[in-house]
Amino acid sequence: MPDISLTMVVVLCIASLAAGWIDAVVGGGGLLLLPALLLGLPSGTPAAYALGTNKAVAIVGTTGAAVTYARKAPVDVRLAVRIGLAALAGSTAGAFVAAGMSTDVLKPVVMVVLLAVGTFVILRPAFGTAPATTPVSARRVLAAIGLAGLGIGFYDGLIGPGTGTFLVLALTALLHFDLVTASATAKIVNCCTNAGALATFAWKGTVHWQLAALMAVFNLVGGTVGARTALKKGSGFVRVVLLTVVFALVANLAYQQWVA
């Protein structure tokens, strides 16, 4: 356990609870959890420990949300795992590329994409409100594996913030899922990418396991409750949370790029 105060431990646990809820509904829980760890860990702690501990916490909440969704939502688990394995490969490649380049040049591009996505969702109120009535073609499935799997997985390894949100949007657009089904599928994909990242951080020894175990309990509760909330409230509710997270992501990336 790192040398931090009891008050800070409580703050981190509350942040973990809220992040689990947000991530289960629409992705983007790392927006809250990772900055909280970066601020809460002792000064001078390498960032890799915040990243590793974040993954150890997030994988528990993500798994809890995925199980909750799989029990109550119409999720194609086999398809989700196929996309997840592609995302695992993509995130590994992205991590290797990130080691040799600055990702700051890509952040403005990501912000423009997010703003365009947010505008599109606002102008298309019916986006993701109902599933397709016809079977999804094999071509669209391959496109989902390529874009939502390899492409967004690569982004996750390269930059990271908002991966879950991008997955929800891509799955909704490519496979014509409603937003609840897209969120459910994204959680299974996230389990695959988180497992790969956690294995890497664990191998490097950059995980505070005791702190992660405590925070993971709260993240699991948040993730489970978030999934149940999304299932109960439906796609309209998820759409509101999605737009909130998209614009929060833009603000976060803008702050990192030009203020921090």
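## Helix 9 and its buried residues

In this predicted model, helix 9 has many residues that count as buried, among them Leu 211, Ala 212, Met 215, Ala 216 and Asn 219. Further along, Gly 222, Gly 223, Thr 224, Gly 226, Ala 227, Thr 229 and Ala 230 are buried too. These buried residues pack against helix 1, helix 2 (30-40) and helix 3 (47-72). They also pack against helix 8 and helix 10 (235-258).

## Length and bend of helix 9

Helix 9 covers residues 209-233, 25 residues in total. At 1.5 Å a residue, helix 9 should span 36 Å. Its end C-alpha atoms are 35 Å apart, which agrees. Helix 9 also bends, by about 25 degrees, at Ala 216. Ala 216 is one of the buried residues of the helix.

Just after helix 9 comes Gly 234. Its phi is positive, about 90 degrees.

## One salt bridge

The count of salt bridges comes to one. Lys 187 pairs with Asp 23, and their closest N and O atoms are 3.0 Å apart. Lys 187 lies in helix 8 (residues 179-204) and Asp 23 in helix 1 (residues 6-26), so the pair ties together parts that are 164 residues apart in sequence.

Both partners are buried. Lys 187 has 1% relative accessibility. Asp 23 has 16%, and it counts as buried because the cut-off is under 20%.

## The loop before helix 8

His 176 sits in the loop between helix 7 (163-175) and helix 8. Its phi is positive, about 60 degrees, although His 176 is not a glycine. At 35% relative accessibility, His 176 counts as partly exposed.

Definitions and conventions
Residues numbered from 1 in each chain as written. Predicted model: local features only at pLDDT ≥ 70, side-chain atom pairs only at ≥ 80, totals over all residues. Heavy atoms only, no water. Salt bridge = Lys/Arg side-chain N within 4 Å of Asp/Glu carboxyl O. Helix = DSSP H or I, 4+ residues; strand = E, 2+ residues; numbered from the N terminus. Buried < 20%, exposed > 50% of the residue type's maximum accessible area, 1.4 Å probe, protein only. Expected span 1.5 Å × (residues − 1). Bend = angle between axes of the 7 residues up to and from the residue. Contact = heavy atoms within 4.5 Å.
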